[in-house]
Amino acid sequence: MSLAVSTTRPRPDLPVLLRRHWPLLPLAATVLFLLAPLPAGDATASGKVGPADAASLLLVFVCAVQALRGRVRALTPLAAFVLGLPAVGLAVATVTAGDPYAALPGFVRYLQVFVLVPAAIVLLVRDAGEFRLAAGCFVVLALVQGAVGVVQYATHTGASYQGEDVRAVGTFGPGDVMGMATVVAYGLVVATAAALAPGLPRRVRRLATAAALALVLPLVLSFSRGAWIATLGAAVLVMGLAGIRRALKVLLALGAAGVVLVGGLGVGSEMVAERLTSITQVSSAPDQSVTDRYTMWAAAESMWRERPAAGVGLKGFPANRDGHSSLGLSSGSDTGGAGQAYLRQPLLSPHNMYLLVLSEQGLIGLTALAGGWAAVLVAGLRRFTSGGSDRGIRDCGLVAVGLFVWQLTDFLYADIGGPSTVLTGVIIGLAAWWALPSPQDVDGPAVRLAHGAGPGGPAPEGAGGR
């Protein structure tokens, strides 16, 4: 009697997977902890340290421990320079501020978001499979928050908008109306990139397409003009990189979904039309939010002209705002609904990340931050278009570039603030992971796993390259 010998390698069980990938648990928690609702009735909670921030600090701590044990990816000199450069501008802006002690919290926050979290991700994410795991967390977060937002619109339990409690804000509440729009847009970009990636299994691409279509509705119901513009720009770029044929299919599907939802079913059609029209009403008949935005932009520019090299110091914009603003600036914006009482929130930032950095950190800080971002973007696009040995992980490139372009575009209309701020660091980290590969990636696990091979040889078909 002959015994048949199976050539199929068994899938690793859960304990094995946890032992191998446990350093990524804080990264997944950083994203998924944003599912937790803010305390009801506290519109100021969006500016406080939350569970996601705590998870990001744990991520940095785990990275430090793994680095001491020699279990992180090696960095090229260019990667180390790009990742560490923002710290220089932050240090200069802090020590030259009028009140360095008041600027210290800003230094810690910026260091967390723009230096420590991105560096930890670049060092800890070892292969394409782990990158995909992190990207998948964004889709899960977006689907849950988007579902909450749709229910809020349908039941009139959302944030107040034009006199009705219909604005979809998810669990972020009216104190952070951009929170849900941001995370839903992240998930939509990731899902669109996955739907267009030729290297992923067909089943994964179909699920990604369904997720992208489902996320269109909550993004529309967020009534966030900046998120709409950034998502459109990122989606067009991702489609262009993926190829015309694939792009047309997804574009037609997304367009059909928008027509059915807004045109056919009338979902927020009047409000959406008014919101879209207001984008072009800059000088003719701008609403108060547009007037406030441009007034604060002018104030930020005035602060920079006063101190062009190092700016007015971190956290210095609110203290210097009134001295550089015109009388057209209102005292704040009304927030309410979604279980919270009405509250007048002060305008403490220019709602433009580049102008915020320019006013508070001057040319030194802006060059350090924006210069690093430009280097990551150029290197990421160059790696994607060059192909070569990276063809098996091009889906990672689409996700990384798409998310990063969304963030850079959104920075034209928004700045950091609120619980979702920590995700900015995750986005930069994923983009830098793709754009600044480690020397060991050429023959390391990233390429082997992407092509379906494990440490012991080729993996069987359908094993998912893990």
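Lys315 is found in the loop between α12 (288-306) and α13 (317-324), and this residue makes a convenient place to start on the predicted model. The phi angle of Lys315 is near 65°, a positive value in a residue other than glycine. Most residues other than glycine have a negative phi. A second case of this kind is His156, with phi near 55°, again positive and again not a glycine. His156 belongs to the loop that runs between α6 (128-155) and β1 (159-161). With a relative accessible area of 45%, His156 is partly exposed, because that value falls between the 20% limit for buried residues and the 50% limit for exposed ones.

Attention turns next to the interior. The structure holds three cavities of 30 Å³ or more, and the largest cavity has a volume of about 90 Å³. Which residues lie nearest the centre of the largest cavity? They are Val82, Leu83, Trp373, Val376 and Ile428, out of a lining of 13 residues. Four helices, α4 (77-95), α5 (100-124), α14 (353-386) and α16 (421-435), each supply at least two residues of this lining. Helix α14 gives the largest share, with five residues. As for the character of the lining of the largest cavity, 12 residues are nonpolar, one is polar and none is charged.

Aromatic side chains offer another view of how the helices meet. How many aromatic pairs does a search of the whole structure find? The search finds nine. One of these pairs is formed by Phe131 and Trp433, whose rings are 5.0 Å apart centre to centre, with 35° between the planes, a tilted arrangement. This pair links distant parts of the chain, since Phe131 is in helix α6 and Trp433 in helix α16, 302 residues apart. Are these two residues buried or exposed? Both Phe131 and Trp433 are buried.

The pair of Tyr354 and Phe411 has a different label: the ring centres are 6.1 Å apart and the planes stand at 85°, so the pair is edge-to-face. Tyr354 lies in helix α14, whereas Phe411 lies in the loop between α15 (394-410) and α16, so the pair ties together parts that are 57 residues apart in sequence. The two partners fall into separate accessibility classes: Tyr354, at 22% relative accessibility, counts as partly exposed, while Phe411, at 2%, counts as buried. The value for Tyr354 lies above the 20% limit, under which a residue counts as buried. Tyr354 and Phe411 also take part in a cluster of ring pairs, which links them with Tyr110, Phe114 and Trp373. Trp373 thus appears twice in this account, in the ring cluster and among the residues nearest the centre of the largest cavity.

Rings also meet charged groups. Arg383 lies over the face of Trp434, at 4.2 Å from the ring centre. In a second example, the charged end of Arg394 sits over the ring of Phe384, 4.1 Å from its centre.

Cysteines were considered as well. A disulfide is a covalent bond between the sulfur atoms of two cysteines. With sulfur atoms required to lie within 2.5 Å, the count comes to zero disulfides. Cys137 is buried, with a relative accessible area of 8%, and Cys396 is also buried, at 0%.

Several contacts between parts of the chain that are separated in sequence complete the picture. Helix α8 (residues 202-221) contains Ala214, and Pro218 is found in helix α8 too. Ala214 counts as partly exposed at 44% relative accessibility, whereas Pro218 is buried, with a relative accessible area of 2%. From Ala214 to Leu143 the C-alpha to C-alpha distance is 7.8 Å, although the two are 71 residues apart in sequence. For Pro218 and Ala142, 76 residues apart along the chain, the C-alpha atoms are separated by 9.2 Å. Leu196 has its place in helix α7 (residues 177-196) and is buried, with a relative accessible area of 1%. The C-alpha atom of Leu196 is separated by 8.1 Å from that of Asp395, 199 residues away along the chain.

How values were computed
Residues are numbered from 1 along each chain as its sequence is written. This is a predicted model: local features need pLDDT of at least 70, side-chain atom pairs count only at pLDDT 80 or more; totals for chains, interfaces and linings use all residues. Side-chain values use heavy atoms; hydrogens and water are left out. On a 1 Å grid over the protein atoms alone, a cavity is a set of points where a 1.4 Å probe fits but cannot get out, and a pocket is an open set with protein on both sides within 12 Å along at least five of seven lines; lining residues have an atom within 4 Å of a point. Grid points are joined across faces, edges and corners, and a volume is the space filled by probe spheres set on the points. Ala, Val, Leu, Ile, Met, Phe, Trp, Tyr, Cys and Pro count as nonpolar, Asp, Glu, Lys and Arg as charged, and the others, Gly among them, as polar. Buried means under 20% relative accessible area, exposed over 50%, partly exposed in between (1.4 Å probe, protein chains only). Rings of Phe, Tyr and Trp (its six-membered ring) pair if their centres lie within 6.5 Å; planes under 30 degrees apart count as stacked, over 60 as edge-to-face and the rest as tilted. A charge sits over a ring if NZ of Lys or CZ of Arg is within 6 Å of the ring centre and within 35 degrees of the ring normal.
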